[in-house]
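Biologist: Please take one part of this model and examine it closely. I should like to see how the helices and strands of that part are arranged.

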Amino acid sequence: MGRTKREVVLRLGSSLTELRGIGPRRAECLAEAGIATVEDLLMVLPFRYEDRSRFIPVADLLVDAPATVRGTVRNARLRRTRIRGFTLFDLRLEDETGGIAARWFNQPYLRNVLKDGSLVVLHGVPSLPEQGPPLPLFKNPQFEVLGDDPEGTHTGRIVPIYRRTADLSTRSLRTLIHRALATLPEAMEDPLPEATVRRLSLEDRASALRNVHFPPAGTEASLLAQGLTISHRRLALEELYRLQCAFARARGQRRSREGFPCFVPPDRQEGLIALAPFNLTDAQKRALAEILADLGRSYPMGRLLQGDVGCGKTVVALLAAIAVMERGYQVAWMVPTEILAEQHARSAEELLSKTSHAMALLTSQSRVSSGGELLASIAQGRVGLAIGTHALIQDAVRFRRLALVVVDEQHRFGVRQRELLGGKGSNPHQLIMTATPIPRSLAMALYGDLDVSLIDEMPPGRVPVRTAVRAPQEREKVYRFIREEVGRGGRAAIVVPAIRDSQLAPESSAMNTFRRLSSSVFPDLQVGLLHGKLSWEERQRIMREFSSGAVQVLVSTTVLEVGVDVPEASVMVVEQADRFGLAQLHQIRGRVGRGIRPSWCILIPAERTTPQGVERLRILAEISDGFEIARRDLSLRRSGEFLGVRQSGTPDLRVADLPRDLDLLEVARAELEDRFGKSFDS
Ligand code: ADP
Ligand code: MG
């Protein structure tokens, strides 16, 4: 058709196909990356900026001082080194004042990018080379080829640098974003209320968008680097405000639905608590009381039960389940692994034996083995409590009157799975449990649609797990320690990151480790191997053997992470520990120290770890409080990763970064309260 795109005025909601420079192929590629509208494109923020308004003459470079230089490439040369597959790419960059060397490691493709004669900008920290003349050297500097457009959008100003997105280079993105900004009208709709904008003296939205991409001259570099300019903050606030609005709406909707009121009178609550095989901690009682209060309401509960690993969430949820069953309703309890399902089923059976309620264990295996009988008893309501894996969400599973859904270790499930389970009833109460403890303010950001209960106390008598970081060379000593501990009646688990051999290190493979330990290190002990590829029966058998003590040393992948309870397990060794996140290591560590035995967690980093890697592990050695660890973990990671704890359906934050913008979250809430009253958050 040969349609030409005129420079029309676009709106934020306009499709990107309207933008000059975006053909059907690009549009498709962008759409795949979730970028469909002009607004989506503008939310691709620079991950850093370069002040290219000030290039430093090469002659003025100082060692160790970050600098941007501009010059012409000479003597570009790719070399292979004696180490196989290892390459060096060297060049000399010349400007009017002199030359500087630059070197990239293992990036052979640069040969085709940085060619002799091309005008490029390098940004990096010059150092003095270990050998040769004392000429400053840029190692792996950032670079940009200026091509034949040395001025304009790409240089001569503070320039945005984007991550490669939808196969678009930083340069293409910069061009497109610049163009999109130019076509936007000055006045645009603002998600923030006018009163808020006025009260906080915020920049208008159009300027904020323009300035985060193309900061005005003189914008402070450190604010830019941290994403803390007034423009960044404005956009982050907008986003968090929108998020809080969405949460408020979700809560409102939940509260307007009709649920299954299951009121438990105070005198009956005592009796309920008495069913537990031990005295509940105060924190457990408090959480239970909050849950029971919710269950008594006319609308469905939506509650997150948070508590560090081992704090005893299971029993609280079980008692709540009983309260619901007392009313003649059913409960579905979903857990991520079959091992855990079986373990919960055992605890549940013990409690339920004191009542008249029946339970069923539903895994993909049990379904096969018991045919339709199990399903029929659930469908007819003869079973009050169904505990199972995601087998619970199959179509064939029907409930008669499902009134409570419990999702355990929710970070292992997607939102969709949660919804499917809830869909088995009509607006059942929902209790979501997580052992990835996060600070309260962050919980608000991630789970703002839920109420939160917190168990912040451990059952009495727990001996904190002693944690140590040991170098790989000390592995033999660790094995000796395991042997002693087994001699004293303890049991040890060794967690490794992968099932099979990888190029990384033999220690990272469960198979290898198992073979080595069972044949040469502990030939006289029973060594077991557990991983996700084993059949269900095998996994069950091995876990049972570890529980009973028939297996004394268990080699496992992270399938061990979730919820298994073996009180005699007293040593946990994690190989390649620096490859795990802190919160995950804390979870894994939580598998020991569940009884009264003193327990140890030994973290062995990879041979090729970095000093920071070891430093990070030290945090675990020093801190046992899961919340504090989560806080540290958070400050070490990008929020994107951390938000992963909520999995898909996570409020998708594109501008705001947590914890960086946590204070803005408070502001957003205050503004929302101001507008709608406190009711949205009671
Ligand atoms: P988590 O919160 O990690 O799911 P669990 O519910 O599995 O923890 O409980 C961990 C262990 O603590 C279990 O063996 C459980 O029986 C025990 N436990 C829980 N609450 C108490 C309590 N109040 N007193 C003694 N032991 C308890
Ligand atoms: Mg648990």
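Modeller: Contact here means heavy atoms within 4.5 Å. The model is a predicted one, and the part chosen is a pair of helices together with a sheet.

In helix H9, Gln284, Ala287, Leu288, Ile291, Leu292 and Leu295 are in contact with Val315, Val316, Leu319, Ala320, Ala323 and Val324 of helix H10. By class, the residues of this contact comprise 11 nonpolar, one polar and no charged. H9 spans residues 282-295 and H10 spans residues 313-326; their axes lie 10 Å apart and enclose an angle of about 30 degrees. Angles under 35 degrees count as roughly parallel, and H9 and H10 are therefore roughly parallel to each other. Their crossing is right-handed.

The sheet is open and has seven strands, which pair in parallel in the order E12-E13-E11-E14-E15-E10-E16. At its edges are strand E12 (359-362) and strand E16 (451-455), each of which pairs on one side only. On average, neighbouring strands of this sheet are turned by 20 degrees against each other, direction ignored. One pairing may be followed in detail: strand E10 (residues 302-307) runs parallel to strand E15 (residues 429-434) and is joined to E15 by five bridges. Leucine 304 stands opposite isoleucine 432 in E15.

Two further helices lie across strands of the sheet. Helix H13 (residues 372-379) lies across strand E11 (330-334), E12 and strand E13 (385-388), and runs at about 130 degrees to E12. Helix H14 (residues 415-422) lies across E11, strand E14 (402-407) and E15, at about 160 degrees to E14.

Technical notes: Residues numbered from 1 in each chain as written. Chains lettered and ligands numbered in written order. Predicted model: local features only at pLDDT ≥ 70, side-chain atom pairs only at ≥ 80, totals over all residues. Heavy atoms only, no water. Axes fitted to C-alpha atoms, helices over the stretch in contact; angles between N-to-C directions. Helix = DSSP H or I, 4+ residues; strand = E, 2+ residues; numbered from the N terminus. Parallel < 35°, antiparallel > 145°, perpendicular 65-115°, else oblique. Left-handed = near helix turned anticlockwise from the far one by under 90°. Nonpolar A, V, L, I, M, F, W, Y, C, P; charged D, E, K, R; others polar. Pairing = 2+ DSSP bridges.
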